[in-house]
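Visitor: Please take me through one part of this structure slowly. I would like to see how its inside is put together.

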Amino acid sequence: MSLITISTQFIRQTFPYIRKRLLFTYIIVMTIILGTAETVLYFFLLHVLHQQLDHELLTLVEVAAPSLDTVEIIGIESFEHNLSWRSFFSQEQQSLEWYSADGSLLAKEGNLAVDLPLSLNPVKEEPNFPLFQQDANIRAVTISVYESNLDNTNSVLKGYIRASESTLNIQSTFNKLRLGLGLGGTTALLLVSISSIYLTQEAVKPIRQMFLHLGQFTSDISHQLRTPLTRISMATEIMLTHKDSIQPADARKLTIINSATEQMKRLIEDMLFLLRSDTFPNSTMLGRKKIPLNQLLQDVIGDFEPLFQAQGIKFQARLASNTLIKGDSCHLHRLFTNILDNSISYASRGDTVHLYVEKYKRKIIICIQDTGMGIASEDLPHIFHCFWRAEIAKQKRKDSFGLGLTIAQAVAKQHGGNIFVTSKIGSGSLFKIVLPIA
Ligand SMILES: Nc1ncnc2c1ncn2[C@@H]1O[C@H](COP(=O)(O)OP(=O)(O)OP(=O)(O)O)[C@@H](O)[C@H]1O
Ligand SMILES: [Mg+2]
């Protein structure tokens, strides 16, 4: 495949695909990074706040532990004397409960209603071992209080102290945190998406530039080749017009040189056309004149009728009421020429070619149907590719390049349309050229 084809196809098809892929991958990666960072932050803060609450409650029960004796002896009157735990205690948010060794409640301080049963299990075994409890809205910690002997053996259980605190404050803090993280995450993602459009554009710019230069370079070379080729072809044509002054063998060689030169000129013309259509991929860049379709089709048919007659192929045309289409008449002329040229090339004597026009909503459909050799279903996806030709077509016509349909489709797309094909090998083909009505 030539440099021209590579650069043309790369710019037209691959670049938007690379940009989309880059954009998509970047957004996915950033979403994963942001999501993970937010989740880690959320669980870290949740852990820190719960640890802080546990620490507060533990301090409170430890400070309140010495008061169990006096509470057991004189009851709640002792609260007036035992002030040490008060500076750690919040009347509204917390509750402090004193229990005897058999687990019965001796006294309670604080407005918080606690429904949790006293859990004694591990507390019994080890002095000051904290047991944490949690229900929907309350966090509690219980420690067992022992009276130890002087030698610290056979200590006797005196009772339990439990401190509780509402977790509603933490929950409301976390609701706000979740909202904040959600809003922050969404804003960050939005900014990431916007910036990624710019970033991917910047990332592919130098590569795109490089391919455009390559395209320009090949276009310049093709252009430069045209002049010497034209000179060769003119020189051979002049020589051939004076056949009597040259040997018959030389005349044959000159004919070969002339036809090869013409072939190369045609190839260069086609490649230049494709390069230009790649530079102006949509119709906004074209001269957008309103063109009467019937007039245009009649011109093309006028060129082809003698060829059909010469090849013994029946040709029928049925044009609809005149319709205007917007675009470039030279390019559209080329489109219809390329399709009709194929219907002649790949049909045989006695076959029929039928051209008819249909309207559908705001579209005009130009149908070109032939009863020629047809296209195998596995070949249909390739027929618009540059330089692709079916094996059977190569045998039937040797001097072609496989660019006709590529050009035809580029022109249809430039005009906001497309070409659809149905075909059956051995039975013929139907090409439908769909174009918007002006
Ligand atoms: N009407 C048709 N009937 C059968 N095969 C077709 C027809 N039109 C196109 N094809 C197949 O599609 C291939 C590509 O067509 P295309 O017009 O692009 O190239 P080409 O005719 O081989 O060469 P070029 O048009 O450059 O002279 C052809 O080689 C042929 O195999
Ligand atoms: Mg062709």
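Guide: What follows is a close look at the main nonpolar core and its surroundings. This is a predicted model, in which local features need pLDDT of at least 70, side-chain atom pairs count only at pLDDT 80 or more, and totals for chains, interfaces and linings use all residues. Residues are numbered from 1 along each chain as its sequence is written, while chains are lettered from A and ligands numbered from 1 in the order in which they are written.

First, the terms. A residue is buried if 20 or more other C-beta atoms lie within 10 Å of its own, exposed if 12 or fewer, and partly exposed in between, with C-beta atoms placed from the backbone. A nonpolar core is a set of buried Ala, Val, Leu, Ile, Met, Phe, Trp, Tyr and Cys residues joined through C-beta atoms within 7 Å. Helices (H or I, at least four residues) and strands (E, at least two) are DSSP runs, numbered from the N terminus.

Now the core. The largest one holds 36 residues. L335, I339, A408 and I433 have the most contacts inside it. Several elements give two or more residues to this core, including α5 (248–279), α7, β10 (363–370) and β12 (428–436). The largest share comes from α9, with six residues. Domain 1 (3–29 + 177–279) and domain 3 (283–436) both contribute, so this core lies between them. Those domain bounds come from an automatic or database domain assignment.

Zoom in on I339. I339 touches I368, A408, F431 and I433, leaving out residues up to four places away in sequence. Contact here means C-beta atoms, placed from the backbone, within 7 Å. Apart from this core lies another, of 20 residues, with L60, V61, V114 and V141 among them.

Next, ligand 1. Two of the core's elements, α7 (329–345) and α9 (404–414), each give two or more residues to the shell around ligand 1. The largest share, four residues, is from α7. Of the 23 residues around ligand 1, A390, A393, S400, G404 and L405 come nearest. A residue counts as near if its C-beta atom, placed from the backbone, lies within 6 Å.

Last, a loop. K361 sits between β9 and β10. K361 has a positive phi of about 50°, yet it is not a glycine. K361 is exposed, with 7 other C-beta atoms within 10 Å.

Methods: Two residues are in contact if their C-beta atoms, placed from the backbone, lie within 7 Å.
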